[in-house]
Amino acid sequence: MAVAEQTAEAAPDRTLSPGWGAVFFAICAATYIVNAADRMIFPALLRPLDADYGLSLPQGSFLATIYLIGLGTGGIGTGYLLDRISRKSSMVAGIVVYSVFTVLTVRALGFADMALYRIATGIGEAMQSVALIIAVCAFYPGSRAFANGVVQCALGFGQFIGPRLGALLLAQTGNWRVPFYGFGALGLAGAAALLLVSPAFTERKVDNSLSSANDTHLPEQLWNRNVICVLTAIVFRSFAFFAFFGLYATFLMTELRFPLATAAAALSMFGVGPLFSPLAGYVADRVNQKLFQILCLAVMVVAGFLIFNVAQTPLSQEVLSLIEGIAGGFAYINGYSLAQRSVKNAMIGRVSGFYYAASTLPAAISGFLFAKLVEAIGWQSGASLMMSALLLIPIGISLFIDTRLVSGRARRLTPGRRVFV
């Protein structure tokens, strides 16, 4: 993240046993599972919500992805917030914010205030996410990539169970609002559990002394050719990725006539993509990242076309949804790494912040645009444009990435110590 080098209230380092560290990490990861599950219930329950509020497809789709404005601005803003408050405070406050506004979402009077609640939900999710990643990477300085991978696994697990639990609660109660109340309550319970986590875990100072890099061959400016290519590519990737996220369940229920529970199960397979983040990082460290980026985007092109034009059965939809989620996640992780390796060490934080913003803020309107396409030309043609044809643009842009102007891959020398060559 852009704020990975910044610490909040840099608490004195205290002795904390590995066992207690693992316990506190588990508590933090469990709360992040709820965060991830919370963001997935809205698109899963979009159709009954639209029917209750009388929303059009573009309006409902806009609400499904508008939280990305909160996620993007909240992620950047949290970097500045952590200069003033502790990471633990940011995590607790973030959970409270997204939990309260999750509940308020279903008490909305109409489209306008619901949109505001959705944006606020994204801000809260970002406050927890940014602070959590910094905290765990600071506590495990010799295994930052692995620690971050565990956090991403928690995200993937939450996104997997969220739609399924939401559909189950709806089926048992007959009320689409109940899942929102349930996840809101779970979030507040998680905030209370975080109060038990020791500051010795969350506030450890970031140690950058474990890594060094020879960056003399890299461009002096932040906005160099590679950075522009990578950030532009992630904008288009995220448009397709989050448009899919916002409308996939609705497509399955309206076009293929899947029951809500079946559609939610297919959506959950898309959400499981972050579980493979450690593998994505491992591969990106060992292959030509330019070609890997093009391959990931090409897989998204094919999977997106098959999902909306060919696959008809629940099994085929679940398999293709999983492929779409993995390929999109791999493209994100690889692009993140590529952006960082395209600038000098002193600018890694800044380029990370711009990458995060590029992957979230523009995509906030992706659901709305996809829905307008569907209204104009139908699901198949609209999806072919948004999920396949659009991704040909970042594939073309990626061809201009110059791999000679990328810093070396991580190479392990001794346990817990990495350098870049």
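Does Leu-279 count as buried, partly exposed or exposed, and what is its relative accessibility? In this predicted model, Leu-279 has 43% relative accessibility, so it counts as partly exposed. That residue is a good place to start a short tour, which then moves to the chain as a whole and to a second residue, Val-351, found in helix H15.

**Leu-279 and its surroundings**
- Leu-279 sits in helix H12, which covers residues 277-284.
- Together with Phe-157, Leu-275, Phe-276 and Tyr-282, Leu-279 makes a nonpolar patch on the surface.
- The area of this patch is about 450 Å².

**The chain as a whole**
- The chain holds 18 helices and 2 strands.
- Of its 421 residues, 57% are buried.
- Its accessible surface is about 16,100 Å², and carbon and sulfur atoms account for 68% of that.
- Among contacts with a separation of 6 or more, 85% are between residues 24 or more positions apart.

**Val-351, a buried residue**
- Val-351 belongs to helix H15, made up of residues 348-360.
- Its relative accessibility is 1%, and therefore Val-351 counts as buried; the cut-off for buried is under 20%.
- Leaving aside residues up to four places away in sequence, Val-351 touches Leu-222, Val-227, Ala-339, Gln-340 and Val-343.
- One of these partners, Ala-339, is 12 residues from Val-351 in sequence, with a C-alpha to C-alpha distance of 6.7 Å.

Note on methods: Residues are numbered from 1 along each chain as its sequence is written. This is a predicted model: local features need pLDDT of at least 70, side-chain atom pairs count only at pLDDT 80 or more; totals for chains, interfaces and linings use all residues. Side-chain values use heavy atoms; hydrogens and water are left out. Patches are made of residues with over 30% relative accessible area and no salt bridge: like charges are joined within 9 Å, nonpolar side chains (Val, Leu, Ile, Met, Phe, Trp, Tyr) within 5 Å. Accessible areas come from the Shrake-Rupley method with a 1.4 Å probe; for residues, only the protein chains shown count as cover. A salt bridge is a side-chain nitrogen of Lys or Arg within 4 Å of a carboxyl oxygen of Asp or Glu. Helices (H or I, at least four residues) and strands (E, at least two) are DSSP runs, numbered from the N terminus. Buried means under 20% relative accessible area, exposed over 50%, partly exposed in between (1.4 Å probe, protein chains only). Contact means heavy atoms within 4.5 Å.
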